[in-house]
Every structure is written in C-alpha cells, then in structure tokens.
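The following paragraphs lead the reader through selected features of one protein structure. Please keep the sequence and the structure in view while reading.

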Amino acid sequence: MRKTYKYLILASSLALYAWFVGWYVFALLFLSIVIIVSNSLKNWLRLPLPVTSLVLGYILMKYAYPDSDIKLPIGYSVFAFSGISFIVDSSKTNKCSQNSLDVLCYLFFFPKMLCGPLVRFTDFSSQLNNASFPTSTVLYKAFKIFVYAAFCKFVVADMLAQTISCPLAGLNAWMSIIIFSVQLYLDFFAYSNFAIAFAIICGINLPTSFVAPYSSKTFTEFWRRWNITVSQWLKDYVYIGLGGNRKSAFRTKINILVTFFVSGLWHGASLPFIIWGLLHGALVVVEKALFAHTNKNKIITHCYQAFVLVSVFLLWQLFRFPSMSELAQFEHVLLQSASIDTGIVISTLCAILIVPMIDNRKLRHLVFDIPETTKGIYYEVSVVCLLFFLTILFMRSPSINFFYFKF
C-alpha cells in the first residue's frame with residue numbers, strides 16, 4: 001500500500017509537471033537518473049557528475065539556442081537545488097542506498113516543484129514513508145491555507161499588478177515601486193502557501209518561505225525572512241561550503257558576496273540580476289562591518305529600518321525591468337512630470353495597509369494552526385469565511401501565472 005501511494009504521488013506529479021512544461025519532463029527525468037546513479041558512485045565522482053549535468057542542462061536549455069523555442073522549464077532551479085542538496089547530504093553521511101522511488105518523489109513532488117519551498121531529502125522521505133490518508137482536520141487546515149493564499153494572489157497581488165500594467169511617469173512611477181514590491185511579495189507568498197496546502201493533503205509538511213519580510217530591521221534579518229528555504233540552501237551549500245566565517249574577516253566578506261552573486265545567477269544570468277545580487281551582498285557586508293557596532297539608539301534603528309525597506313523596494317525594480325535599457329527608460333520616466341493618478345494613489349495606500357494585515361501574527365496563527373477552544377473555532381471560521389467571500393467577490397480573471405515562474 002505504501003509503495004502504491006508513492007507511485008501515485010510520482011505519477012500525478014509527473015503528469016501535472018508535464019502539463020506545465022511538456023517534453024521537458026523527459027529531460028529532467030534523465031537528469032534525475034544521473035542523480036540517482038551518481039549517488040552510488042565513489043565519493044570523488046558522486047558530486048561532480050550530477051552538478052556538472054545540472055549546470056550543463058541549465059546552460060543548454062536557456063542559452064545555447066537563443067533563437068529556438070528551447071527555454072528553461074519552470075521549476076528547473078528548484079529541481080537542480082533539490083538534486084544538489086540530495087547528493088551533498090548523501091555524500092556527507094556516506095549513505096548511497098536511498099530508495100530510488102523516494103528520490104524521484106522528492107525531486108518531482110509537484111507542490112514544491114515549480115517554485116519551492118525547498119526541503120531536505122531526509123525530512124521529505126521520513127514524511128513520505130509515514131504519510132497517511134488525510135483526516136478532516138488536515139483537509140480543513142489545507143482549505144484555510146488555500147483560501148488565505150487565494151486572497152493574497154487573486155484579490156491583492158493580481159489587482160496590484162493590473163494597476164501598474166500601463167506605462168506610468170512622475171510620482172505615479174515612484175508609487176508604482178511600492179505597488180510592485182508588495183505585488184511581488186504577495187504573489188510569491190501566495191504560491192508558497194498553495195504549495196504548503198496541497199502538500200498537507202499529500203501528508204507532507206513543507207517549511208514556510210516567508211515570515212513578514214518587510215518588517216525586517218536589517219538586511220541580514222530580511223534574508224532570514226524572505227524566501228527562507230532558498231536563503232537557507234545558499235547558506236548551507238554555498239556560504240558554508242566556501243568556508244563561511246571560519247576564516248579571516250576578508251574571506252568572510254568574499255564568501256557573502258559570492259553567495260549573493262550565486263543568488264543573482266539563480267534568477268538569471270543577466271546584468272540586472274547580477275547587480276541585484278552583488279548590491280544585496282555589499283549591503284550585508286557593510287551592515288555587518290558598521291551597523292553592528294553602532295549605538296542601538298531607537299531613532300537610528302528606525303531610520304536604518306526605513307533605509308532597509310527603501311533599498312529592498314528599489315532593488316526589486318531590477319526584477320521588474322530585466323534589461324538595462326528598460327531600467328534606464330524607467331529611471332527616465334521617474335524624473336518626468338505627470339498628473340497624479342487617483343487609482344495609483346488608492347492602490348499605493350492599499351498596498352501599504354495590506355502588508356501588516358497579511359503578516360499579522362494572529363491571522364497567521366489562525367490560518368496555519370488549529371484552535372484549541374470553541375471560541376477560537378468560531379472566530380477562525382468567521383475570518384476564513386470572510387476571506388473566502390472577499391476572494392469570490394473581488395477575484396477577476398484568476399490565473400496561475402505566478403511572477404516567480406520566470407525564474
């Protein structure tokens with residue numbers, strides 16, 4: 001019965017993934033065979049072969065044929081990171097006898113396949129081997145998270161995206177920076193929660209990827225709250241792999257810059273993404289060198305927190321305009337004069353107000369946990385029904401085109 005369940009998970013995952021990427025699923029199946037076979041090789045071959053294959057696959061599918069229809073499939077980055085994580089962890093523990101079916105389920109598990117969250121193989125396989133038929137409580141929890149995610153995506157993120165879909169200038173363009181930053185966050189946040197909800201139904205608990213990132217007081221804290229599983233992966237397999245902070249202070253700074261450089265490349269090997277990664281790395285390096293030694297004055301702390309938020313919002317524009325010519329054009333329209341658009345003002349105010357509401361601890365506790373009292377259940381059901389009603393009422397042309405599918 002357990003084996004049948006695993007085959008069902010794998011077959012459904014492959015079918016759903018093939019619906020998104022077509023024949024690319026066979027390319028990733030080939031790479032998964034390379035990963036599984038490599039795991040049984042000698043230590044000096046176990047890591048180079050799959051990593052080289054994954055890197056070459058990335059280069060061939062994304063850059064080798066720029067004029068053809070061959071493009072990098074959705075989810076390749078998550079697949080590659082999961083594969084590297086599996087091989088590296090297996091090499092450290094000298095375990096090469098993992099069940100191939102478990103490995104395939106891990107690599108292709110559909111809820112996390114497209115944009116994460118990332119999870120270690122040991123955590124995934126232990127849950128997979130102990131998964132049971134979902135109870136009514138589990139289904140209810142998944143439903144709550146699904147409604148929460150749908151509200152964030154289809155009501156808030158998509159409506160904000162429509163607001164800035166037309167060219168803007170002057171103060172409208174400046175306000176669009178805020179709107180885009182909130183839209184990007186809630187769009188990605190929604191996808192992660194959809195993944196968590198569907199995984200719960202399958203008996204797998206995926207880790208959360210976001211914990212109120214825009215309330216961060218420092219850049220270091222921001223990267224502990226934003227896309228947490230990818231940040232942790234980069235820390236474990238790049239930063240610590242390079243030596244972390246175990247060597248000189250200079251080497252530590254270089255390791256931080258290299259890690260953020262890899263983070264930029266993960267999104268795309270173009271100049272805006274590389275600049276984004278290096279600038280974030282430089283800000284973290286400067287912060288660790290200077291801000292950690294300043295007096296923890298409340299005024300200074302609040303001013304620095306504002307600087308962090310403004311910097312993060314401005315740097316997100318490198319995602320919004322993925323070419324230097326588009327970015328230069330946007331910088332030009334920022335300096336133009338234009339009449340203020342009332343719709344943009346309203347959207348900006350909504351964006352500013354909605355984030356603390358979505359990130360509210362009580363709301364998150366209500367969505368992700370099960371209440372222990374009757375009063376808590378009544379309150380929870382009321383809030384979930386309200387979110388569900390608002391989603392149905394304000395949802396316009398819902399799509400599954402998430403922003404991070406580009407990466």
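Helices are taken here as DSSP runs of H or I with at least four residues, and they are numbered from the N terminus. With that convention, N227 can be placed in the loop between α11 and α12. The structure is a predicted model, and the values below are computed from it.

N227 is a suitable starting point, since its backbone calls for attention: its phi is positive, at about 45 degrees, although N227 is not a glycine. The relative accessible area of N227 is 5%, and because the limit for a buried residue is under 20%, N227 is buried. A second non-glycine residue with a positive phi, again about 45 degrees, is A212. This residue belongs to the loop between α10 and α11, the latter spanning 219-225. A212 has a relative accessibility of 11% and therefore also counts as buried.

Beyond the loop that holds N227 comes the helix pair α12 and α13. Helix α12 covers residues 228-239 and helix α13 covers residues 249-267; their axes approach to within 10 Å and cross at roughly 130 degrees. The two helices are therefore oblique to each other, and their crossing is right-handed. On the α12 side the contact is formed by V230, L234, V238 and Y239, while α13 contributes T252, N255, I256, T259, V262, S263 and W266.

Another helix pair invites comparison. Helix α8 consists of residues 121-128, and α6 packs against α8 at an angle of about 110 degrees, with the axes 10 Å apart. Angles of 65 to 115 degrees count as roughly perpendicular, so α6 is roughly perpendicular to α8. The crossing of α6 past α8 is right-handed. Here D102, V103, C105 and Y106 of α6 meet F121, F124, S125 and L128 of α8.

The loop between α7 (110-113) and α8 contains P117. A cis peptide bond links G116 to P117, with omega at about 5 degrees.

Attention may now turn to the side chains, and to the aromatic rings in particular. How many aromatic pairs does a search of the whole structure find? The search finds 43. A pair of aromatic rings is described by the distance of the centres and the angle of the planes. In the pair of F79 and F108, the ring centres are 5.4 Å apart and the planes stand at 50 degrees, so the pair is tilted. F79 belongs to helix α5 (residues 76-93) and F108 to helix α6 (residues 100-108), so this pair ties together parts that are 29 residues apart in sequence. Are the two partners buried or exposed? F79 is buried, its relative accessible area being 0%, and F108 likewise counts as buried at 0% relative accessibility.

A further aromatic pair, that of F146 and F198, is edge-to-face, with 5.9 Å from centre to centre and 75 degrees between the planes. F146 lies in helix α9 (residues 136-163) and F198 in helix α10 (residues 170-201), so the pair connects parts separated by 52 residues in sequence. F146 is partly exposed, with a relative accessible area of 34%, and F198 is also partly exposed, with a value of 42%.

Aromatic rings also meet lysine side chains in this model. K112 lies over the face of Y106, at 4.9 Å from the ring centre. K153 is placed over the face of F402, at 4.6 Å from the ring centre.

Helix α10 also contains N193. N193 is buried, with a relative accessible area of 1%. Leaving aside residues up to four places away in sequence, N193 touches I145, Y148, A149 and F368.

A final residue lies towards the start of the numbering. W23 is found in the loop between α1 (2-21) and α2 (24-38). Its relative accessible area is 52%; because exposed means over 50%, W23 is exposed. The C-alpha atoms of W23 and P73 are separated by 9.7 Å, and these residues are 50 residues apart along the chain.

Terms used:
Residues numbered from 1 in each chain as written. Predicted model: local features only at pLDDT ≥ 70, side-chain atom pairs only at ≥ 80, totals over all residues. Heavy atoms only, no water. Phe/Tyr/Trp six-rings, centres within 6.5 Å; stacked < 30°, edge-to-face > 60°. Buried < 20%, exposed > 50% of the residue type's maximum accessible area, 1.4 Å probe, protein only. Lys NZ or Arg CZ within 6 Å of the ring centre and 35° of its normal. Axes fitted to C-alpha atoms, helices over the stretch in contact; angles between N-to-C directions. Parallel < 35°, antiparallel > 145°, perpendicular 65-115°, else oblique. Left-handed = near helix turned anticlockwise from the far one by under 90°. Contact = heavy atoms within 4.5 Å.
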